[in-house]
Amino acid sequence: MSGLVDKDAAPQPGPESRTAQRDEDARARKRERDRRYRLEHPEELAAQRRRWVEANRDRIRESNHRWRLEHLERARELNRDSMRRAADRKRREAETRAKARVRVRVWREEHPDRVREYQRDWVEANRDKVRECYNRYYRAHRDEVNDRATARRDADPAGTTARKQAWAADHKERRAELQRARRADPDVYAAELQANAATRRLKRSLARAGLPPKRLHPATAAERRANERAAVAFFGDPSLPEHVHQSTVFVENLTKHMLLHHARMREFAESYVATRERMGLPPANADDVMWARAVDVVLDSSPRVDLLTSRDVAAAVRAAKVTVRRAEQKRQHERLVQAVVVHVQRNRVRLAVDAAMESRARRRRGKPSVDRDELLVRIALQEVAAQVPTTLLAAGDIRKALGRASFALGQMLDAGSSDYQRGRCLEA
């Protein structure tokens, strides 16, 4: 009975089939274990992959290159799909950011108070971050920041001065500390002392000579920068060298011509004006006629003036007028000083007597006393001024002439002549 086989029973797997089934079950269990391991240890697997990639760069590059050569069309298709997905992703992100910006802008416009409050609170809570951000930006854009600050100060000089004064008034201790720190440098401190001493010596020298103090026009930093910009714009002109040369030569020639022939040009202008009056023509200014004639003469004798404009000619006339006027002032000043010195030398006795009488009269009237030597020179100056032309001399020029004459006569008056001593006796 044992050898009989039931034909209706299910067929039993053979040994080979059972082995294949066990292998498949083992592989399935291994896959499941690997899956669970990957789920439980993602960081470790990622680290292992990075290490393997770092150790096999050349192998990966060669494998990718070989696969691309074997599947060129598929690689291009994958590349197109990747670029298409990347473009779509960038477009979606851009649209999302644009919508977010619009939404944020609308909300900020509808809630300005909340925005200011939030910004103020954030700044208060993140002072260090704000300071570091400002410092980092300043280090990266130092020149731009300084240029913008300079432009703001130049645009509002009055406001800048007021802010500086307000800061100095509110921070006196800080200002004094900065000054002490600056003077702590021996070289800086010595330079300041030398400059102050030189200024005091100059003031004393001018005062002893009877001259007014030195006048300076302080230029602010904004004015110096404006002058520098104007100079850069002017000298940056490519045609400037020849233009400046022609202008300079014309100014020099016009000035030289007027210094040499001023009297003759004045006579011509006055004769021309008188002729117009005799002919019944409209009157003309003699000074304008003189300078117009001088310009014509100099232009005719100049070798090249093709780049000169009317503004250049007008500027040259103004410069020449200033030079001629200064030269005439200098001549009048020298003549006045010389005339005072000669007048004192010739009339020393009479002037000494007059100075003594004037000094005594001032003392009797209670007026401040004045040195007799200075009174003598003043009297001589009053007598000479009516005889010497002084039309171009101002009050300051007269005082300078008085000082120079006093200095020139100082030794003679200090030594004291017998005539001058007789004047002192009259006072006694």
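User: In this predicted model, which residue forms a salt bridge with E132, and how far apart are the closest N and O atoms?

Analyst: A salt bridge is recognised by a side-chain nitrogen of Lys or Arg within 4 Å of a carboxyl oxygen of Asp or Glu. Here the partner of E132 is R136, with the closest N and O atoms 3.9 Å apart. Both residues belong to helix α6 (residues 127–140), and because they are 4 residues apart, about one helical turn separates them.

User: Are E132 and R136 buried or exposed?

Analyst: The range between 20% and 50% relative accessible area is called partly exposed. E132, at 37%, is therefore partly exposed, and R136, at 47%, is partly exposed as well.

User: Which parts of the chain does the salt bridge of R229 and D154 link?

Analyst: The side chains of R229 and D154 meet at 3.8 Å, N to O. This pair links distant parts of the chain, R229 being in helix α11 (residues 221–235) and D154 in helix α7 (residues 142–155), 75 residues apart. R229 is partly exposed at 48% relative accessibility, whereas D154 is buried at 18%.

User: How many salt bridges does the whole structure contain?

Analyst: A search finds 27.

User: Which residues touch the most other members of the largest nonpolar core?

Analyst: Such a core consists of buried residues of nonpolar kinds joined through side-chain atoms. In this structure the largest has 21 residues, and L336, V340, V344, L351, L376 and V377 touch the most other members. Helices α14, α15, α16 and α17 each supply at least two residues, and the largest share, 7 residues, comes from α16. Leaving aside residues up to four places away in sequence, L351 touches H343, V344, L376, I379, A380 and E383.

Terms used. Residues numbered from 1 in each chain as written. Predicted model: local features only at pLDDT ≥ 70, side-chain atom pairs only at ≥ 80, totals over all residues. Heavy atoms only, no water. Core = buried A, V, L, I, M, F, W, Y, C linked by side-chain atoms within 4.5 Å. Buried < 20%, exposed > 50% of the residue type's maximum accessible area, 1.4 Å probe, protein only. Contact = heavy atoms within 4.5 Å.
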